[in-house]
Amino acid sequence: MKNITMFCLTLNPDHLSKIKRLDYVPVGLGPANFSNEWLTDKSKNNISEKNPFYGEYTFHYSIWKEMYENIKTDWVGFCQYRKFWFTRD
């Protein structure tokens, strides 16, 4: 089992295949329509209407409020589309 869950946040649904190729969890933010393959900041008890002012923090709130107990890795990481980071062994 891998030791980190990486969430990749983007405003564009067209980024799905690239994010999945990296084995990151795709997260859709903003007003675009994201398929059910995405996590979004619009689930259950959310603050997505604040996204224009707080950006990705609306998803961080969703992770803390609703999803954290379902993460099975020791580490959680976040990146933004086009700001990927990775290492090569």
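1. Start with one pairing: Ile 4 stands opposite Trp 75 in strand β4. The model is predicted, so local features need pLDDT of at least 70 and side-chain atom pairs count only at pLDDT 80 or more, while totals for chains, interfaces and linings use all residues. Numbering runs from 1 along each chain as its sequence is written, and side-chain values use heavy atoms, with hydrogens and water left out.

2. Overall layout. The chain has 3 helices and 4 strands. These are DSSP runs, numbered from the N terminus: helices are H or I with at least four residues, strands are E with at least two. In sequence order the pattern reads β-α-β-β-α-α-β.

3. The sheet. The 4 strands form an open sheet, ordered β3-β2-β1-β4, with parallel pairing. Two strands count as paired if DSSP finds at least two bridges between them. Why do β3 and β4 each have one side without a neighbour in the sheet? Both stand at the edges with a single partner strand, so one side of each is left open in that sense. In general, strands of a sheet pair through backbone hydrogen bonds, either parallel or antiparallel.

4. Strand β1. This strand spans residues 4-10, and 6 of its 7 residues are buried. Buried means under 20% relative accessible area, exposed means over 50%, and partly exposed lies in between (1.4 Å probe, protein chains only). β1 pairs with β4 (residues 75-80) in the parallel sense over 6 bridges. It also pairs with β2 (residues 25-28), again parallel, over 4 bridges.

5. Register around β1. Phe 7 has partners in two strands: Val 25 in β2 and Phe 78 in β4. Leu 9 has Val 27 as its bridge partner in β2. As background, side chains in a regular strand alternate between the two faces of the sheet.

6. The β2-β3 edge. β3 covers residues 39-40 and runs parallel to β2, joined by 2 bridges. Here Val 27 stands opposite Leu 39. Val 27 is thus named in pairings with Leu 9 of β1 and with Leu 39 of β3.

7. Crossover. β1, helix α1 (residues 16-21) and β2 make a right-handed β-α-β unit. Right-handed here means that, with the strands pointing away from the viewer, the path from the first strand over the helix to the second runs clockwise.

8. Cores. Which residues make up the largest nonpolar core? There are 8: Met 6, Cys 8, Leu 16, Ile 19, Tyr 24, Phe 34, Trp 38 and Cys 79. β1 and α1 each supply at least two residues of this core. A second, separate core has 7 residues, including Phe 7, Val 27, Leu 29 and Ile 71. A nonpolar core is a set of buried Ala, Val, Leu, Ile, Met, Phe, Trp, Tyr and Cys residues joined through side-chain atoms within 4.5 Å.

9. Cysteines. How many disulfides does the distance rule give? The count is 0. The rule asks for a pair of cysteine sulfur atoms within 2.5 Å. The sulfur of Cys 8 is 3.5 Å from the closest cysteine sulfur, in Cys 79, which is too far for a bond. Cys 79 is likewise in no disulfide. Cys 8 counts as buried because its relative accessibility is 0%. Cys 79, at 6%, counts as buried too.

10. Loops. Asp 23 sits in the loop between α1 and β2. Its phi is near 65 degrees, a positive value in a residue other than glycine. Most residues other than glycine have a negative phi, and most peptide bonds are trans. Asn 33 lies in the loop between β2 and β3. Is Asn 33 buried or exposed? Its relative accessibility is 73%, so Asn 33 counts as exposed. The C-alpha atoms of Asn 33 and Leu 11 are separated by 9.6 Å, with the two residues 22 apart along the chain.

11. Whole-chain totals. Of the 89 residues, 36% are buried. The accessible surface comes to about 6400 Å², and 54% of that belongs to carbon and sulfur atoms. Areas come from the Shrake-Rupley method with a 1.4 Å probe; for residues, only the protein chains shown count as cover. Among contacts between residues at least 6 apart in sequence, 42% join residues at least 24 apart. Contact means heavy atoms within 4.5 Å.
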